[in-house]
Amino acid sequence: MDIEIERLRRRERELEARVALLEAERQDGLRRPAPGQRTSAASTDLLFTAAEKTRMPQIITDPNLPDNPIVFANRAFQNLCGYDAAELIGRNCRFLQGAGTDPADVAKVRDAIAARRDVVVEILNYHRDGTPFRNELYVSPVFDADGTLRYFFASQLDVTRFRTTEGVLAESEARYRALFDAVDSGFCVIEMRFDETGRAVDYRFIEVNPAFAAQTGLHDAVGRWASEVVPGLERTWFDAYGEVALTGRTVRFESGSVAMGRWLDVHALRVGEPEQARVAVLFNDITDRRRLESHLEATAQERADERDMVWRASRDLFVVCGLDGFFRKANVAWTDLLGWEASEVVGAGFDAFVHPDDRAQAGRAFERVSGGHPLQDVDVRVRARDGGYRWVSWNAIPRGDHFYAAGRDITERRALEEQLRQSQKLEAVGQLTGGVAHDFNNLLTVIKSSTDLLKRPDLAEERRRRYVGAISDTVDRAAKLTGQLLAFARRQTLRPETFAVDRAVSAVADMVGTLTGSRVQVELDLPTGGQQDLHVNADPSQFDTALVNLVVNARDAMDGEGRLRIGLQRVGRIPAVRAHPPQLGDFIEVSITDTGSGIAPENLERIFEPFFTTKVVGQGTGLGLSQVFGFAKQSGGEILVRSAVGRGTTFTLYLPRVAATAAPSSNPEPEALAEGHGTCVLVVEDNLEVGAFAQQALKELGFSTVWATDGEKALAEIERIPFRFEVVFSDVMMPGMNGVELAGEIRRRRPNIPVVLTSGYSDVLAAEGTHGFDLLRKPYSVADLSRILRRAIQDARARRR
């Protein structure tokens, strides 16, 4: 007991010393004048010198000048308020006051100035940046030896931190107490008792919060010992808290108490002086949670057992693969299906068993699942131990730093699908061949008959013009037929540009009435409200053709009478169609809905096949919807159809939306070349008949020509006389170097020579485009040939200026 009393006395002396120190720090060192006392007279120079040298903020004002302005401010005062001397001199001190300044404090200063006496007041002033500070102001008049008032001398002391510290301490205490009383967690401060060996034998409750009883079930614990409140409390609690009190190490643990019948989540730390052996304990009753966890653990174990059985019994390939690309686990199906032991699979890369031709697809799938996206139906060939391959369809789901994948053997299904595909391909080729032969034979019949009639002697001029016109019109129809076939095959050369779909749809809608007739009611449903950004990058003429084909198809389905709706909207996905999964993105949707007879279910899968039609002979070639299908696919979009017999049909065209761009400038008609101009053209054409025709046509137009039958000969002609040619006119499909490659080489060697390409069909153009070169499609007219060559020459000359 004497030791405890001595410790408390020592603690009391320490606190008294600390209080004395705080009081000394709060003293500002200013002399407080007695009531009515005036400062002694002093030399003006001495006053200013002293004010300048001191580190306490000081200013001097002159009451003999109007408004008692500041005439001196030392460096300490400038640092205090943030203003420099130039901003202070000549101004009254009141500009340092603000909205928060107490008017009573201002009145005290004003009254003291008027009475020419000392004043001490704590007033709220403002720094130059607008922040406030508590200023303990000491103002004293300064007189001459004869008693004349010369100046007011003002000392300043920033006491903000003292006032703030007091408020913070009070607020902190209030917050602590509010938190202590309101927190849902149990809280207590305990004082440990040790035996002579230093082992904790008991502890006493010094303080508890209101939630203590709810969390522990213990009442009236303050001041009592744990052995009294909880008889039979387990030894582990004393040891844990005793360790905290002795070492000062904070602990966090979960433990159960049979004596209390509870599980607690405990956080304990030492508080106060080590000699006090006090520990603060924050805890929560987690009894219900532990019971639930035990139940969940049992359930999880049961499910894990079930998953293990599925893992071992399934005939599908199961793997767990890390995002580093290596397999972590594999099931026994790898042995049953492919002959690989699980130990041979684990540790291998994800593509180690994939067929070389399928590794690019597998790599893209791995990148997708590594990015956090699930996989569905990724079909690749997987190598068996005997060297053969089997088709496996994979599905995968990512989880953290790995993903789970399941693969199903689809080798037999793929074989059956391939057989079906070959059968359908043969049927389609037969249908396509028959359709092409039928239509082209009709066209050739017209051409053949017209040429035979043109050979007749003494043919009247009017009939000659009619037969020539019939040949020209038939060639145009043949070119259109070829274009439709290429569109379906996605081999046409598109001329994509960015355009507003809503304006294009509106323009086509204006002519729909002419196509459908007066008995068809046309409805146009375009987005309204605000400026619409509905742009796509596609071939506008092909888009118009596709829309017209859909409208004509709808008109024929309604037999010329009904309701036709053209809708347009922006959507975020393309639905699943034709075994393809949904596509997420930014798309423009154009829909054509009719109230016609509808399409039979057995025909829905065939309506996009070339030459397939349900119309009677003579009412359609069966290529209109094929053109729409090919245009949509080649433009990166899709075409869907929904129909019910007797209730109408909806065709929906999807195209990727793009940002709007500046409208391209229109190409004016190129200037005509002078009579007998003799402009030299290098013709590159491997077909003798076409090359001869091109030469003859150019000569008729006044050009001089040189004909090369392949790319190498064309380059040799250019190098032989470099500045001879003003333009090159080249076919695309040639043996060896194709036209696009030739044009690129000419651009590299002789960038001033323009190149015009021509082709009826080219897989190179369909896949890669024209690379910026002008293109004249076959068959072409002489007028088109003249126009495109003149424009190329005109543009090249303009660039050389």
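Among contacts between residues at least 6 apart in sequence, 57% join residues at least 24 apart in this protein chain. The model you are looking at is a predicted one, and that is worth keeping in mind as you browse it.

The chain has 801 residues, and 38% of them count as buried. Its secondary structure comprises 23 helices and 27 strands. About 45100 Å² of the protein chain is exposed, with carbon and sulfur atoms supplying 52% of that area.

Now for two backbone details that reward a closer look. Asp-67 is not a glycine, yet its phi is positive, at about 65°. You will find Asp-67 in the loop that links strand S1 (58-61) to strand S2 (70-73). Arg-116, likewise a residue other than glycine, has a positive phi near 55°. Arg-116 lies in the loop between helix H5 (103-115) and strand S3 (119-126).

Here are the two residues side by side.

| Residue | Phi | Relative accessible area |
|---|---|---|
| Asp-67 | about 65° | 44% |
| Arg-116 | near 55° | 45% |

Are these loop residues buried, partly exposed or exposed? Asp-67 has a relative accessible area of 44%, so it counts as partly exposed, since that class lies between the 20% and 50% cut-offs. Arg-116 is also partly exposed, because its relative accessibility is 45%.

Key: Residues numbered from 1 in each chain as written. Predicted model: local features only at pLDDT ≥ 70, side-chain atom pairs only at ≥ 80, totals over all residues. Heavy atoms only, no water. Helix = DSSP H or I, 4+ residues; strand = E, 2+ residues; numbered from the N terminus. Buried < 20%, exposed > 50% of the residue type's maximum accessible area, 1.4 Å probe, protein only. Contact = heavy atoms within 4.5 Å. Areas by Shrake-Rupley, 256 points an atom, 1.4 Å probe, with all protein chains shown as cover.
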